[in-house]
Structures are given as C-alpha cells and as structure tokens.
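User: Please take a close look at one helix packing arrangement in this model, and then describe the pocket that shares one of its elements.

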Amino acid sequence: MSAATVDTKRPEGAFWREALEPYAQPRLGRSLLDLATSVLPYLALTAAMYWALGVSYLLTLLIAIPASGFLVRTFILFHDCSHGSFLPWRKANLWLGTALGLFVYSPFLRWRHDHAIHHATSGDLGRRGGGDVRTLTVGEYLALAPRARLG
C-alpha cells in the first residue's frame with residue numbers, strides 16, 4: 001500500500017463508523033414497515049393456529065413454524081426499542097417496547113435494564129454474573145470436570 005492510501009491520522013475503525021453512520025439513525029418509515037411485516041403476520045398466524053386447532057394438530061404445528069419466525073422478528077424490534085434505536089423518539093420506544101413485551105412475554109423495563117447490564121459487562125471477566133454469556137478463562141475451563149467441559 002502506498003502512503004497516499006493509508007490515513008494515519010484517523011483512528012482505527014473510523015472508516016466503518018463513517019460508512020455506517022447513515023444507518024445509525026432510526027427512520028420512521030422503515031420502522032413502521034418492519035413493525036407491519038413482523039407483528040401483523042405473527043398475529044394473523046396466531047389466529048390461524050387457533051382456528052387450525054379445530055382442524056388438525058399437525059396443521060397447527062405447521063403454522064407454528066412460520067409464526068415462530070415472525071415472533072423472533074418481533075423480539076428483534078423489542079430489542080431495538082430497549083436500545084432506544086427503533087423509533088426516533090425515546091417515549092415512543094418505551095411505549096412500543098412495552099407493547100411488544102406482551103408478545104414476547106417479557107416485561108420491557110426489566111429486560112431493558114438487564115440487557116444494559118449485559119452490554120456493560122459482557123466479556124469482562126472481572127464483572128461476570130448479570131445477563132452474560134458464560135465466559136471462562138483457560139484455567140477455569142481446565143478445572144472443570146470432563147462432562148462440564150463438554151457442556
């Protein structure tokens with residue numbers, strides 16, 4: 001690489017921050033489209049499952065497969081509301097997150113708090129225990145019984 005193509009004044013990662021900046025702000029139209037293509041199909045498929053119970057349990061199970069995908073999409077919107085990044089307004093994220101919490105069976109304010117702790121402590125071996133993915137040092141892993149290592 002020539003010296004002309006390397007910008008030594010910019011900190012590492014600045015290129016990606018600048019490149020992704022247009023996508024870092026919520027866009028109301030896109031948010032409403034995401035909401036409509038997640039929650040509405042989930043509600044329709046839930047109603048279809050209820051109807052299908054009178055027809056066949058197998059049919060109900062088959063409808064549950066795509067319904068679960070739309071429920072995952074709904075959870076993603078719930079997650080984005082907890083970061084305050086789904087809608088442009090803080091209170092709107094709060095109210096929508098609370099409503100979506102009814103679909104994903106999780107109280108929004110509690111989940112938002114626990115998720116913030118997860119982000120603050122994830123990967124920090126000195127602050128483990130709250131909402132994190134279990135992370136071990138090499139020594140801790142080697143001290144485990146073989147069955148626990150397999151887990």
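Analyst: In this predicted model, the axes of helix α3 (residues 39-52) and α4 come within 9 Å and cross at roughly 160 degrees. Because angles over 145 degrees count as roughly antiparallel, α3 is roughly antiparallel to α4. The crossing in which α3 passes α4 is left-handed.

The residues in contact can be listed by helix. From α3, the participants are Val39, Pro41, Tyr42, Leu45, Ala48, Met49, Trp51 and Ala52. On the α4 side, they meet Leu59, Thr60, Ile63, Ala64, Pro66, Ala67, Phe70, Leu71 and Thr74. Sorted by class, this contact of α3 with α4 comprises 15 nonpolar and two polar residues, with no charged residues.

Helix α4 also takes part in the largest pocket, giving the most to its lining, with four residues. The volume of the largest pocket is about 240 Å³. It is lined by 15 residues, of which Arg30, Asp34, Leu77, Asp80 and Phe86 are the closest to its centre. Two elements, α2 (28-36) and α4 (57-82), give two or more residues each to this lining. By class, the lining of the largest pocket has six nonpolar, four polar and five charged residues.

In summary, α4 meets α3 through a contact that has no charged residues, while the lining of the largest pocket, to which α4 gives four residues, has five charged residues.

How values were computed. Residues are numbered from 1 along each chain as its sequence is written. This is a predicted model: local features need pLDDT of at least 70, side-chain atom pairs count only at pLDDT 80 or more; totals for chains, interfaces and linings use all residues. Side-chain values use heavy atoms; hydrogens and water are left out. On a 1 Å grid over the protein atoms alone, a cavity is a set of points where a 1.4 Å probe fits but cannot get out, and a pocket is an open set with protein on both sides within 12 Å along at least five of seven lines; lining residues have an atom within 4 Å of a point. Grid points are joined across faces, edges and corners, and a volume is the space filled by probe spheres set on the points. Ala, Val, Leu, Ile, Met, Phe, Trp, Tyr, Cys and Pro count as nonpolar, Asp, Glu, Lys and Arg as charged, and the others, Gly among them, as polar. Axes are lines fitted to C-alpha atoms, for helices over the stretch in contact, and angles run from 0 to 180 degrees between N-to-C directions. Angles under 35 degrees count as roughly parallel, over 145 as roughly antiparallel, 65 to 115 as roughly perpendicular and the rest as oblique. A crossing is left-handed if the near helix is turned anticlockwise from the far one by less than a right angle, and right-handed if clockwise. Contact means heavy atoms within 4.5 Å.
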